[in-house]
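User: Could you take a close look at the ligand site for me and walk me through what surrounds it?

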Amino acid sequence: MLNIKYELAKELKAKPVKGQPLGFGKITTDHMFIMNYTEGKGWHDPRIVPYQNISLAPTAMVFHYGQTMFEGLKAYRSEGGEVRLFRPDMNAKRANVSNKRLCIPEIPEEDFVQAVKELVKVEKDWIPTEPGTSLYIRPFVIATDEFLGVAPSKTYLFMVILSPSGAYYASGLAPVGIWIEDDYVRAVRGGMGFAKTGGNYAASLAGQVKAHDDGYSQVLWLDGVERKYIEEVGAMNIFFVIDGKVVTPMLNGSILPGITRDSVINLCKSWGLTVEERRISVDELIEAQKSGRMTECFGTGTAAVISPVGKLRYKDDVMTIADGGIGEISQKIYDTVTGIQTGKAADPFGWSVVL
Ligand SMILES: *Cc1c(COP(=O)(O)O)cnc(C)c1O
């Protein structure tokens, strides 16, 4: 248990007014959580303080060698007014998987969850209420040693910040076009693709820009060795429905193990669907699309829950998935997961945590 000190803001910021577009990640709340790590002392001085800039030396290691970890989850307001988190224990676990890979000291899972819960409690009036909106939660760690040598830092900051976010879909699920990148790669086996760490996203930007310039909203990455097998989308895992089976790339070390991915696999299995986690080659996809055996394709992630894919582009091949619309399984998953998150649907797995 953390003994969190509270220094509450004397003046509160104006909250967004009803109907104001929130966008994503632009608005911050009144407070943030912060805790220090010092070698020999461990994590110490957990506190909730007014949201503010932090001061770091230009030599702070995070600026140079990217020793950092982040997480992403959301708080939802249910119709009855209570506040809910979705599987926050999974974020705490994954944070430590990332921490380990980055040589960052682990944060006790219960402390991670406590920090998130306590901050959201303080800021609960910032949780937007309109359908599809939520309070985005961004926990992260940075290396702060003032040192230009390449080595694990001996000091760190763990912070949690919050941002009210708008509905990902303004008017219902909308299919997106995805660019299968055949030149740049995001991660390789043995690298850090399975960790949520800044460097993976820096590596992804050039491909993302290329896809955007061509009118596609996201990149689908291929494996870093043969550029032959499907990995994942920018910040989403990817699923296909082929011959009525739900198929997704297996976790091979270069793919981020999404919590939405895990939830979708569990839900589909509970509905009696066959789920296969395995290697999927881009050739298999092209063949399945051409022969009409691929009936759905969708991305999964905290931001959108489900992002139906209407179009996949690989080199000169532009594949339309089924009729380019939203598949039956995609829609059912979306309705069920968002229902569980907001307390509207039955929660047989006990995923939704009331604050
Ligand atoms: C965060 C993330 C995901 C999705 O994970 P969720 O836990 O479902 O939000 C997938 N891929 C990448 C690269 C990510 O950063």
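Analyst:
**Around the ligand**

Sorted by class, the shell around the ligand is made up of five nonpolar, six polar and four charged residues. Keep in mind that this is a predicted model. In total, 15 residues surround the ligand. The closest are Lys196, Tyr201, Glu232, Thr260 and Thr302.

Two of those closest residues, Lys196 and Tyr201, are worth zooming in on. From Tyr201, a polar side-chain atom sits 2.3 Å from an oxygen atom of the ligand. Lys196 also brings in a polar side-chain atom, this one 2.7 Å from a ligand oxygen. With Ile259 the backbone does the job: one of its N or O atoms is 2.8 Å from an oxygen atom of the ligand. As for cover, the ligand taken alone exposes 380 Å², and the protein buries 97% of that. The space the ligand takes up is the largest pocket.

Now zoom out to the whole chain. The protein chain is divided into domain 1, covering 5–165, and domain 2, covering 176–344. Going by those bounds, Lys196, Tyr201, Glu232, Thr260 and Thr302, the closest residues to the ligand, carry numbers that belong to domain 2. The centres of the two domains, taken over C-alpha atoms, are 27 Å apart. Where the domains meet, domain 1 puts 21 residues into the contact and domain 2 puts in 23.

How values were computed: Residues are numbered from 1 along each chain as its sequence is written. This is a predicted model: local features need pLDDT of at least 70, side-chain atom pairs count only at pLDDT 80 or more; totals for chains, interfaces and linings use all residues. Side-chain values use heavy atoms; hydrogens and water are left out. A residue is near a molecule or strand if one of its heavy atoms lies within 4 Å of it. A polar contact is a pair of N or O atoms within 3.5 Å; within protein, one must be able to donate a hydrogen and the other to accept it, and residues adjacent in sequence count only if both atoms are side-chain atoms. Accessible areas come from the Shrake-Rupley method with a 1.4 Å probe; for residues, only the protein chains shown count as cover. On a 1 Å grid over the protein atoms alone, a cavity is a set of points where a 1.4 Å probe fits but cannot get out, and a pocket is an open set with protein on both sides within 12 Å along at least five of seven lines; lining residues have an atom within 4 Å of a point. A molecule sits in a cavity or pocket if more than half of its atoms lie within 2 Å of its grid points. Ala, Val, Leu, Ile, Met, Phe, Trp, Tyr, Cys and Pro count as nonpolar, Asp, Glu, Lys and Arg as charged, and the others, Gly among them, as polar. Domain bounds come from an automatic or database domain assignment. Contact means heavy atoms within 4.5 Å.
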